[in-house]
Amino acid sequence: MPLLLPVLLAALLFSIGIYGVLARRNAILVLMAVELMLNAVNLNLVAFDVWLRDRLLAGQVFTLFVITIAAAEIGLGLAIILLVFRNRATAALDELRDLREQDLAPAGRLGESGTDGGTEPAVTS
Amino acid sequence: MTVEVLFGLLGVVATGSALLVVTTRQMVHAALWLVVTLGAVAGCYLLLSAEFVAWVQVLIYIGAVVVLLLFGLMLTRAPIGASVDLDASMAQRLAAAVVAGATAGVLVVSLVDAFRGEHIALETDRPRGHSSAVGAALFRDWVLPFEVLSVLLLAALVGAIVLSRRDVSEPAERGVT
Amino acid sequence: MSVFASPDVPGFGSDLPIPWWLLLVKAVAIFVFLVVMTLFAIWWERRVVARMQHRIGPNRVGPFGLLQSLADGVKLALKEDIIPKAADKVVFVLAPIISVTPAFMAFAVIPFGPEVSIFGHRTALQLTDLPVAVLYVLAVASVGIYGIVLAGWSSGSTYPLLGGLRSSAQMISYEVAMGLSFVGVFIYAGSMSTSQIVAAQTQYWYAILLAPSFVIYVVSMVGETNRAPFDLPEAEGELVGGFHTEYSSLKFALFFLAEYINMVTVSALATTLFLGGWHAPFGVTSFWAGANHGWWPIIWFVLKVLIALFVFIWLRGTLPRLRYDQFMRLGWKVLIPSSLGWLLLVATVRAVNAQYNLQSRDVLLYGGAGIVVILLLTFIPDLLATRPSEEPEGEPEWDAMAGGHPVPPMPGQSRPVLTGARASDDDDDLPTEDDT
């Protein structure tokens, strides 16, 4: 089998994943696009592992590691998204802009009190 | 030859369904197309003689990760039918398409240039990704990363529990809202 | 395809080229076996449960009512097929198919018997012999979850959605325990191929050698198939019918079929991994040497599967449904930790055995007995913990106007603490009210 076949497929999947991450608004759909990119990387790893006939099977072992990490990532990512959804009733990424710079001036007071709380925990608790 | 044809078909299925994942307007359908993509990629692993990895892909990705995603979709009240607010603005989508197209172009050109004419010689008698071979590699040569990974998983487990437990996060919630 | 070949499984015929028609015959045979088993299991379940409840059960259609399930199937097929207006049509139609296909597929790797000769071809009674067969079964079973989740979601209705969510959570968590219970078998058999695992059990069944794994598997297989007492996704009293509330006619029949095939599959897996597969039970070979050869092993296999199915029915006839939190606690806090601990022991014994050549069988037997005792002991704090906490909660609060006229608090009931300035004065005035 020509090496180009799996490698080009991986490149296409990766590009589609990039489009998804950039163009989607819903956090869960962005996670799905990230999964696409991870899969592209996995496909590359397996293809090169088979091509290079690596004695340590590094490519396939790394693929297993990436799959495991992806599972952990999805678990944590979903926990965060569900927490956001519980607090904001939305999973749209562009509405989560509390920490952006423009809002610094009106939210300055709030930020100061937050730092005060950090330095003097006894006062807030 | 049949392997190449099969791989090409799987590649078309994977690419097509991946495109649908990032463009469909129905959230749950996106997850289902993702299942098709992941399944096609698992088929590619099988054809590349990475048998164990292929079944792990089906077991963990399709069986657990996407089910978790579906779970998340349903808990965030995914509606039946098309949603209008899944995509960013038209301008951002255009920019995303340009970036993705450029990435694809660069990757394809450079990969074709680098690996044209290279062939993967598949061992037909004993698959390379046989479970015993992968097991030996995993527990002989890659034990330390494996152990580190288990610690990572534990940390992720604890983190997910802390994030999703209401009684732990209640004071923070009260502070925010 | 070459990737499906399993060259290192000797003696089971998979290294011989199998003609395509033989493969087809085997596939059709498995299909027929599963459908017949489903029809039989439904009849059997109704008869056994009826006997347990001092009823007679279906006895009209055919001898002993054996054809009752067939009649029910025909009736279901002739019913009106309803698709709700709010449903996602494509997914709604797809869900039962997704549910039933993996159920059939999982059986491809189950060995029914040893090598036999069919029309001059030596071949094992097994459709395909994957080296990662058990992993394949787990993977296919996890695809089956989609059927239920999607059925619940696409119905566009609340109770099915809740049922689907419950079921996905349930099956994911019990699949972990199930997979962990297999690992002991893998460590002992040194293989994930079902035929090799069966071959490794010629002397001792793993149900005895790895008793804790077996116990954990039996519990998790009931959870995995959504059967009573773990039938929370389709609890009639709570969720109407769960994920299949909106389904009717053939689509409902497909879900029913999937549930029963899944029961047969997990029973067959229990047989293959823990109960010696197609090997004859102990003692039979001592007076009948041919019991493990030719076509006879199919009898032992089917017998063992039927016994496992009986356990399913028995459980359904005996135990009440668990509450959801109890069920999750059992999965995550009892089954998974205890199977992890047991695995640690098994791996240690195997390693020690490999190094010092001890008699690991004794160690495992005693250790296994100890773990079973510990497993059972873990239920005691559970029982002790839930009882006292529930009873005070369950006590009704003192209703001052119960029955339409003022009443004093009963023994054990306390007067509510009133807010405001005079509340404390009132309490001081009436200190002995509880005693009267």
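Angles between helix axes run from 0 to 180 degrees between N-to-C directions, with axes fitted as lines to C-alpha atoms, for helices over the stretch in contact. Angles under 35 degrees count as roughly parallel, over 145 as roughly antiparallel, 65 to 115 as roughly perpendicular and the rest as oblique.

This is a predicted model, in which local features need pLDDT of at least 70, side-chain atom pairs count only at pLDDT 80 or more, and totals for chains, interfaces and linings use all residues. Residues are numbered from 1 along each chain as its sequence is written, while chains are lettered from A and ligands numbered from 1 in the order in which they are written.

**Stop 1: a helix pair in chain C**

Select residues 211-224 and 324-356 of chain C. These are helices H8 and H13; helices (H or I, at least four residues) and strands (E, at least two) are DSSP runs, numbered from the N terminus. The two axes come within 10 Å and cross at roughly 150 degrees. H8(C) and H13(C) are therefore roughly antiparallel to each other. Their crossing is left-handed; that term applies if the near helix is turned anticlockwise from the far one by less than a right angle, and right-handed if clockwise.

Now show the side chains. H8(C) brings C:Pro212, C:Ser213, C:Ile216, C:Val219, C:Ser220 and C:Gly223 to the contact. H13(C) answers with C:Gly331, C:Leu335, C:Ser338, C:Ser339 and C:Trp342. Two residues are in contact if their C-beta atoms, placed from the backbone, lie within 7 Å. By class, the contact of H8(C) with H13(C) has five nonpolar, six polar and no charged residues. Ala, Val, Leu, Ile, Met, Phe, Trp, Tyr, Cys and Pro count as nonpolar, Asp, Glu, Lys and Arg as charged, and the others, Gly among them, as polar.

**Stop 2: C:Leu254**

Stay in chain C and pick C:Leu254, in helix H10 (residues 249-274). It has 23 C-beta neighbours inside 10 Å, so it counts as buried. The cut-offs: buried if 20 or more other C-beta atoms lie within 10 Å of a residue's own, exposed if 12 or fewer, and partly exposed in between, with C-beta atoms placed from the backbone. Beyond neighbours within four places in sequence, C:Leu254 contacts C:Pro96, C:Ile97, C:Ser99 and C:Val100. Measure to C:Leu239, 15 residues apart along the chain: the C-alpha atoms are separated by 20 Å.

**Stop 3: where chain C meets chain B**

Select both sides of this contact: 24 residues from chain C and 23 residues from chain B. On the chain C side, H4 (133-154) and H5 (158-189) each give two or more residues. H4(C) gives the most, with 10 residues. The chain C side has 18 nonpolar, five polar and one charged residues.

**Stop 4: chain A and its contact with chain B**

Colour chain A by secondary structure. Five helices appear, and zero strands. Of its 125 residues, 47% are buried.

Add chain B: 78 of its residues are in contact with 62 residues of chain A. H4(B) gives the most to the chain B side, with 13 residues. That side divides into 54 nonpolar, 15 polar and nine charged.

**Stop 5: the largest nonpolar core**

A nonpolar core is a set of buried Ala, Val, Leu, Ile, Met, Phe, Trp, Tyr and Cys residues joined through C-beta atoms within 7 Å. Of the 194 residues in the largest one, A:Leu13, A:Met32, B:Ala31, B:Val66 and B:Leu69 touch the most other members. Helix H3 (residues 51-75) of chain B supplies the largest share, 20 residues.

Finish on B:Ala31. Leaving aside neighbours within four places in sequence, B:Ala31 is in contact with A:Met32, B:Val66, B:Leu69, B:Leu70 and B:Leu73.
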